[in-house]
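Reader: I'd like a close look at one single part of this model, with the cut-offs spelled out as you go. Could you start from one residue and then work outwards to whatever surrounds it?

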Amino acid sequence: MTPRTPPPWQRAGGRGFAAEAPPGRFIVEVSPWAEGTVLALYGELDLDSVAELLAALDPALDEPATVVVVDCAGLEFCDSSGLNALLRAQARAADDGSRIELARPRALVLRMLELTGATDAFRIRATPPA
């Protein structure tokens, strides 16, 4: 019997595998890079899924003077609880000489960042690290 390949949203560490999350799902793919960690987000970041983001952010920020890039290209929606989690993580990162950068936010997410003034808290990147 041939082992079945898991669907893209169940594969870990393979940044870029999933183009989008299945309906109602939120996925965080974690990949190391030279200066820290890349977290690729897929789906909707809201009160129900913020714990999954924090579960990936916390260990990524354990090292001082690290850079965590949050790739938002697959993030379809972010509510105030998701923004609050990102802002709190950015404050924690700054205390340790680290930072969080956001890459490729979609128009809806970028608009929310602009309306709340959160674009001042994050460096916005056109692309994630290679």
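Author: Let's start with Arg-125, which sits in strand β5 (residues 123-125); strands here are DSSP runs of E with at least two residues, helices are runs of H or I with at least four, and both are numbered from the N terminus. Before going on, the ground rules: this is a predicted model, so local features need pLDDT of at least 70 and side-chain atom pairs count only at pLDDT 80 or more, while totals for chains, interfaces and linings use all residues. Residues are numbered from 1 along each chain as its sequence is written, and side-chain values use heavy atoms, with hydrogens and water left out.

Is Arg-125 buried or exposed? Buried, at a relative accessible area of 15%; the cut-offs are under 20% for buried, over 50% for exposed and partly exposed in between, with a 1.4 Å probe and protein chains only. Leaving aside neighbours within four places in sequence, Arg-125 is in contact (heavy atoms within 4.5 Å) with Trp-33, Val-69, Glu-101, Leu-102, Ala-103, Arg-104 and Pro-105. Take Val-69 from that list: it is 56 residues away along the chain, yet the two C-alpha atoms are separated by 8.7 Å.

Now the polar side of things. The side chains of Arg-125 and Glu-101 are joined by a polar contact of 2.8 Å. That term covers a pair of N or O atoms within 3.5 Å; within protein, one must be able to donate a hydrogen and the other to accept it, and residues adjacent in sequence count only if both atoms are side-chain atoms. The Arg-125 side chain also reaches the backbone oxygen of Thr-127, at 3.1 Å.

Over to the partner. Glu-101 belongs to strand β4 and is buried, with a relative accessible area of 0%. Not counting residues up to four places away in sequence, Glu-101 touches Val-67, Val-68, Val-69, Val-70, Arg-123 and Arg-125.

Another neighbour of Arg-125 worth a look is Arg-104, in the loop between β4 and α3. Arg-104 has a positive phi of about 50° although it is not a glycine, and at 38% relative accessibility it counts as partly exposed. Ala-65, in the loop between α1 and β3, is another non-glycine with a positive phi, of about 55°. At 60% relative accessibility, Ala-65 counts as exposed. For background, most residues other than glycine have a negative phi. Gly-97, just after α2, also takes a positive phi, of about 75°.

Next, the nonpolar packing. A nonpolar core here is a set of buried Ala, Val, Leu, Ile, Met, Phe, Trp, Tyr and Cys residues joined through side-chain atoms within 4.5 Å. The largest one has 27 residues, and Leu-45, Leu-53, Leu-57, Val-68, Val-70, Leu-75 and Ile-100 touch the most other members. Two or more residues come from each of β2 (36-45), α1 (50-60), β3 (67-78), α2 (80-95), β4 (99-103) and α3 (107-116). Apart from this lies another core, of five residues, including Trp-33 and Ala-103, both of which are also contacts of Arg-125.

Leu-75 makes a good probe of the main core: leaving out residues up to four places away in sequence, Leu-75 touches Phe-26, Leu-41, Tyr-42, Gly-43, Glu-44, Leu-45, Arg-106 and Val-109.

As for the helices, α1 has Val-50, Leu-53, Ala-56, Leu-57 and Ala-60 buried. Seen down the axis of α1, these fall within an arc of 130°, so they line one face of the helix; the arc is that of the directions from the helix axis to the C-beta atoms. The face turned away carries the exposed residues Ala-51 and Ala-55. The buried residues of α1 pack against β1 (26-33), β2, β3, α2 and β4.

In α2, the buried set is Ser-81, Gly-82, Leu-83, Ala-85, Leu-86, Ala-89, Gln-90 and Ala-93, and these pack against β2, α1, β3, β4 and α3.

Zooming out, the protein chain has three helices and five strands, in the order β-β-α-β-α-β-α-β. Of its 130 residues, 45% count as buried. Among contacts between residues at least 6 apart in sequence, 62% join residues at least 24 apart.
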